[in-house]
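Q: I am new to this structure and would like a close look at a single part of it. Which residues surround ligand 1? Please then go on to the other parts that can be described.

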Amino acid sequence: MSQAAVSFGEELVRSLSKSLDEPDWLTASRLEAFRSFSQLPPELNPLYTKYVSTFGFQVDQFKMTTGKSEVDFRTFFGDFLTGKESNIVLQGNETQVHAELSDSLASQGVNLMPFHEALKAEESKVRSLMERRNVKSSGDRYGAFVNAFFNGGLFIRVPRGVKLEEPLRRMLLLDSPKTPVVEQLFVIAEEESKLVFLEELYSKGPSVPSLAASNVELVARAGSHVDFSTIQLLGEQATHISNRAVDISNDARATVSSLSLGSAVSRSRMNFLLNGRGSQAEGFEIFFTDARQRFDFETNLVHNSPDSTGSTHARGVLKGESQTIFKGMIKIVNAAKNSRSYLAHHAMLLERTAKSDGVPSLEIDNNEVRATHSASVAQIDEEQLFYLMARGLSPDESKRMVVLGFFEPVLSRVPIEKTREGARFMIEGKWQGEKRRLADRETLLAQTGELTPEVKETEDIFERHYKYR
Amino acid sequence: MKLEIKDLHASVDGKAILKGVNLSIGQGETHALMGPNGSGKSTLAYTLMGHPKYQVTSGQVLIDGESIVGLTPDKRVKKGLFLAFQYPVSVQGVSMFSFLRAAYNNSRPAGSEAPTIFEFKEVVAEKLKMLSMDDSFLNRYLNEGFSGGEKKRAEILQMALMQPKFAVLDETDSGLDIDALRIVAEGINKVSGPQTGSLLITHYQRILKYVKPQFVHVMYQGRIIESGGEDLSRLLEEKGYTWITGYQEEDQAAAPSPQ
Ligand SMILES: Nc1ncnc2c1ncn2[C@@H]1O[C@H](COP(=O)(O)OP(=O)(O)OP(=O)(O)O)[C@@H](O)[C@H]1O
Ligand SMILES: [Mg+2]
């Protein structure tokens, strides 16, 4: 396959599509997305220096590769390459280096494959999915960027009635600088199925500028259940961009849990479309920032149908000179009577130089609904620290306990156990200043054999806080 | 060994609150500290424990002859000091279990081996039983949503685990129902042996029926203005504080201090 050292222009769109051996309709769709990308104004945001795009660097320096990245992944992935875990995809940049799907899942028709493999196998199905994408090129510059320039991706589907309990996993390792990983993901839970997914994003070795961008189309068909989760651990100079659109049908339930620890800049959008009667959505944006990290989150709950339930939990801790902004929206259309929606943003600042903003907005066109909102941005509580110190904990330990505890009310709601436990482990790692992988947790557990019992938050989030009517 | 407070002056946000407190507590002794609202009892408790907001402006606090002023609270714990809070703080997300375990491990005698999680569970189970507390407390967030009485019991649970040499109990008896008062008071008695010296801050005589003080002190406007035996608390209950404070104010008026 090819390497194209050209700028992000129309030429690159064509050559990418060609080297990926794509059908004409897809090339045309990329070109259309490219037009939006070039026409949409740069996204201004108080987090980024004025007039500089989110990328934070000259994208033109990058080379696009397709399916042939030379990445030394052996040491990093280790025994995952030799079947340590089934139902996993390992990726070095855009290139899949190992995939494993258990016989039992394969025989039930579960798909876990690169996007372009799915395209080859079932072109008409993929085409109709592509035509109904919810991450639109018209309204979002970075959505358009991915739609135009994706050089890889995943296709995940669980057939009707099949229920997964353990997550399908993928680990992505970003290596050689200047090779952006731009991905189109489809995650589809057919009727009455259950899909569970956990992805980990890493960078290898010393930090170099790099880019990981993805559009994720989640589809939860009637009566299905999707739990999708991401743990983002990219390197100090990486840029992370993600757009997730979640289409939820009648009586279906979808959750997206996202833990952001890595990257210099992260821009994460979640769009929950509660399209079916009785649909349910839950979004988690959990973050822990330091140094000069800049994270930009936006989560929208769009209630289009009656009896729908949605909640957004944004919670994080900021150190150093890091900054975050969280925009949360609840939109309840007139037809969506009897819906309930909850929006929360809570941030703890560990230094006066850190900054976090929450920008809630509520658009409610029906009176027979309940929407609740809760928000706070505060310095760490000195009285709590004193109480712990008065019980013999050193100032550092006290701080650690209060900080890690701050995540718990939200973390404990994250539905996938591996993600929840993994997130705790990674947050603790960041607190300690250690570079960890999720897999290290198992090793450590095997050594110490200790697990502190989990405390479950049982509070009914719809029963408290200020109510909008 | 003694906890000695010598001419202690302390202030909060530049405002002088303690204005020359003198008190000496030996091991095995129980002292009751009474006094009207706002007289500085909790301030004394916080200052002893090393709350960062409370500045010692002069005077001394010694344990076993060594000054503890300037030490962080955790270092004071290691010297054997304990404070049961008048208003225990709640911390979301921190489980009672992991908190107690940390408290236990941080107050063990140096050199002793930390118990395993299972050994520790047994230790706690026994103390919970002593205080008639349910196991389910361990799975809750620290003091979060605890009733007033439950918080006070939890304070004594911590004291039982930490086995201090000197314990300051700030209104541990407030907000307890009759049965809880007895359970908590008996708990205090069991936990404090002949090695423990305690300072019991209280407004009521009722706890003193269970926990017998050898000394009773009255604090007023940042000073201890009267000390006596147990009968002093009975007199106070009968006559109220003006009986002493009135006399004190007259005294002050007669000989105005230079401040
Ligand atoms: N953090 C603070 N900031 C300002 N003033 C304070 C602070 N802490 C205590 N004070 C003041 O110091 C004085 C003594 O308060 P303290 O809490 O020590 O009284 P107390 O004797 O414990 O009263 P109570 O019996 O009501 O518990 C009060 O006037 C109080 O308002
Ligand atoms: Mg008080």
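A: A polar contact here is a pair of N or O atoms within 3.5 Å of each other. With that cut-off in mind, and remembering that this is a predicted model, we can begin at ligand 1, which is surrounded by 16 residues, the closest being B:Ile17, B:Lys41, B:Ser42, B:Thr43 and B:His203.

One of these closest residues, B:Ser42, has an N or O atom in its side chain that is 2.8 Å from an oxygen atom of ligand 1, and that pair counts as a polar contact because the cut-off is 3.5 Å. B:Asn37 also reaches the ligand, with a polar side-chain atom 2.9 Å from an oxygen atom of ligand 1, and for B:Glu171 the distance from a side-chain N or O atom to an oxygen atom of ligand 1 is 3.3 Å. Taken on its own, ligand 1 has 630 Å² of accessible area, and the protein covers 68% of it. Two elements of chain B, the strand β2 (15-26) and the helix α1 (41-49), give two or more residues each to the shell, and α1(B) gives the most, with three residues. Sorted by class, the shell consists of eight polar, four nonpolar and four charged residues.

From the ligand we can turn to the spaces in the protein, beginning with the second largest pocket, which has a volume of about 560 Å³. Its lining is made up of 25 residues, and those nearest the centre are A:Leu233, A:Leu234, A:Glu236, A:Glu434 and A:Lys435. In chain A, β9 (194-203) and α10 (417-432) each supply at least two residues of this lining, with the largest share, three residues, coming from α10(A). By class, the lining of this pocket holds nine charged, eight polar and eight nonpolar residues.

Closed spaces occur as well, with seven cavities of 30 Å³ or more. The largest cavity holds about 80 Å³ of space and is lined by 13 residues, of which A:Arg170, A:Glu183, A:Leu201, A:Ser214 and A:His240 lie nearest its centre. Five strands of chain A, namely β7 (168-174), β8 (181-189), β9, β10 (210-220) and β12 (238-248), each bring at least two residues to that lining, so β9 of chain A takes part in the linings of both the second largest pocket and the largest cavity. The lining of the largest cavity divides into five nonpolar, four polar and four charged residues.

Finally, there are contacts between rings: over all chains, the structure holds 22 aromatic pairs. Among them is the pair of A:Phe37 and A:Phe145, which is tilted, with 5.4 Å between the centres and 55° between the planes. Because A:Phe37 belongs to helix α2 (residues 24-39) and A:Phe145 to helix α7 (residues 141-149), both of chain A, this pair ties together parts that are 108 residues apart in sequence.

How values were computed:
Residues numbered from 1 in each chain as written. Chains lettered and ligands numbered in written order. Predicted model: local features only at pLDDT ≥ 70, side-chain atom pairs only at ≥ 80, totals over all residues. Heavy atoms only, no water. 1 Å grid on protein atoms, 1.4 Å probe; cavity = no way out; pocket = protein on both sides within 12 Å on 5 of 7 lines; lining within 4 Å. Points joined across faces, edges and corners; volume = space filled by probe spheres on them. Helix = DSSP H or I, 4+ residues; strand = E, 2+ residues; numbered from the N terminus. Nonpolar A, V, L, I, M, F, W, Y, C, P; charged D, E, K, R; others polar. Near = heavy atom within 4 Å. Polar contact = N/O pair within 3.5 Å; in protein donor to acceptor, adjacent residues only side chain to side chain. Areas by Shrake-Rupley, 256 points an atom, 1.4 Å probe, with all protein chains shown as cover. Phe/Tyr/Trp six-rings, centres within 6.5 Å; stacked < 30°, edge-to-face > 60°.
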